[in-house]
Amino acid sequence: MPELPEVETVLRGLEPHLQNQKITAIKTYRKDLRIPFPKDIKQTLEKAKIISLKRRAKYILINLDNDMILSIHLGMSGSIQIITNGSNYDLLKHDHFEMTLSNNTRIIYNDPRRFGMIFTLSQDDLVNHKAFVHLGPEPLGNAFSAEILKNRLKGKTVSIKQALLDQTVVVGVGNIYACEALYMTGLNPEKQAGKVSLNKLEDLVQSIRRVLSTAIEAGGSTLKDHRQVDGTLGYFQHQFNVYDREALPCGQCDCNIGKTGGVKRIVQSGRSTFFCPPKQKG
DNA sequence: AGTGTCGCCTGAATGC
DNA sequence: TGCATTCAGGCGACAC
């Protein structure tokens, strides 16, 4: 469930703890997540120094001074715990990976459903690695625009909702923010992707940018709150306009709910879509 | 190449 | 109470 904003929030939470630290120990508590841990992960990471943290799509990329990158994907249920100053911590069920740093901080990855991925790659492989080579533009970057989107949607017969979830179209948008962005744009999620006008796509691009930016801001405050309670970084709860609000009023509701039935839930390609029919006719 | 479906995985919620 | 079923979803694999 972590989408771009949650991943970005986790990254920002990790950054101050990881930057310029040396990795002193790596432990794996099982052999795989969604994919196996690299066999040589210990050798690759131990003794390396962390230079910087970046994000590409929903991947956290930790750049090391040995020209390698540690890539972490939270999948659907991944979260990260930061234990500082050698505080006591008993491993929990589903803690699968642990990294100890020279500042005596422990970074612990927990993932009940194990849809996440942890792997390493070299800087040279970044461009051509199969996880990254087909990815579309970053929605918050300069390379994302209505024209680009129009181009990528050309001839697509799938719904605009499904297209937004397609990583080759645009990255970082998952089920929740796809629903929210379409609501904000007043676009019907079932509209054919290739038939959305350039004008509407202008609106959609702005909506995607806004919904993601707002969520990142919300994540920032969540981060503060979380740090006071414990060191868990991961998915955070947020107020949505339509997502998970079946039969309830939408965020900007001025409809007669008795008549309209409120937010509608449909299933597209096996995924729930929530939308407000009167407001999303486009 | 584009599209549709399935499987991975656990825990919460629901059904009988 | 207890057991079985359904659902959640990011993303790769696969079939057509």
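How do the residues of the surface near DNA strand C divide into nonpolar, polar and charged? In this predicted model, that surface has four nonpolar, four polar and five charged residues. In total, 13 residues surround DNA strand C. Arg34, His73, Phe115, Tyr243 and Arg271 are the closest of them. Of the strand C atoms that come within 4 Å of the protein, 54% belong to sugar and phosphate.

Individual polar contacts to DNA strand C involve both backbone and base. Lys58 places a polar side-chain atom 3.2 Å from a phosphate oxygen of the strand. For Asn175, the distance from a polar side-chain atom to a phosphate oxygen of strand C is 3.3 Å. Arg271 instead approaches a base. An N or O atom of the Arg271 side chain is 2.7 Å from a base nitrogen of DNA strand C.

DNA strand B has 14 residues around it. His94, Pro112, Arg114, Lys156 and Thr157 come nearest. Sugar and phosphate make up 64% of the strand B atoms within 4 Å of the protein. By class, the surface near this strand has six charged, five polar and three nonpolar residues. Phosphate oxygens of DNA strand B are approached by several side chains. An N or O atom in the side chain of His94 lies 2.6 Å from one such oxygen. The corresponding distance for Lys93 is 3.4 Å. Lys156 has a polar side-chain atom 3.2 Å from a phosphate oxygen of strand B.

Two of the residues that contact strand C also belong to covered secondary-structure elements. Asn175 is one of the buried residues of helix α5. This helix spans residues 175–185 and is largely enclosed by the rest of the structure, because ten of its eleven residues are buried. Among the buried positions are Ile176, Tyr177, Cys179, Glu180, Leu182 and Thr185. Just after α5, Gly186 adopts a positive phi of about 75°.

Arg271 lies in strand β11, which covers residues 271–275. Four of these five residues are buried, so β11 is also largely enclosed. Strand β10 (residues 264–268) pairs with β11 in the antiparallel sense over five bridges. Lys264 has Phe275 as its bridge partner in β11. The two strands form a hairpin with two residues between them. In the turn, Ser269 has a positive phi of about 55°.

Helix α5 also contributes to the nonpolar interior. The largest nonpolar core holds 34 residues. Leu149, Leu153, Tyr177, Leu204 and Ile208 have the most contacts inside it. Helices α3 (146–153), α4 (160–165), α5 and α6 (198–229) each supply at least two residues of this core. A second, separate core has 29 residues, including Phe37, Ile41, Ile62 and Ile107. Beyond residues up to four places away in sequence, Tyr177 touches Glu3, Pro5, Glu6, Val211, Leu212, Ala215 and Phe240.

Strand β7 spans residues 106–110 and is mostly covered, with four of its five residues buried. Two strands pair with β7. Strand β5 (residues 79–83) does so in the antiparallel sense over five bridges. In that pairing, Gln81 stands opposite Ile108. Strand β6 (residues 95–101) also pairs with β7 in the antiparallel sense over five bridges. Here Thr100 has Arg106 as its bridge partner. Four residues separate β6 and β7 in a hairpin. Asn104 in its turn has a positive phi of about 70°.

How values were computed: Residues numbered from 1 in each chain as written. Chains lettered and ligands numbered in written order. Predicted model: local features only at pLDDT ≥ 70, side-chain atom pairs only at ≥ 80, totals over all residues. Heavy atoms only, no water. Near = heavy atom within 4 Å. Polar contact = N/O pair within 3.5 Å; in protein donor to acceptor, adjacent residues only side chain to side chain. Nonpolar A, V, L, I, M, F, W, Y, C, P; charged D, E, K, R; others polar. Buried < 20%, exposed > 50% of the residue type's maximum accessible area, 1.4 Å probe, protein only. Core = buried A, V, L, I, M, F, W, Y, C linked by side-chain atoms within 4.5 Å. Contact = heavy atoms within 4.5 Å. Pairing = 2+ DSSP bridges.
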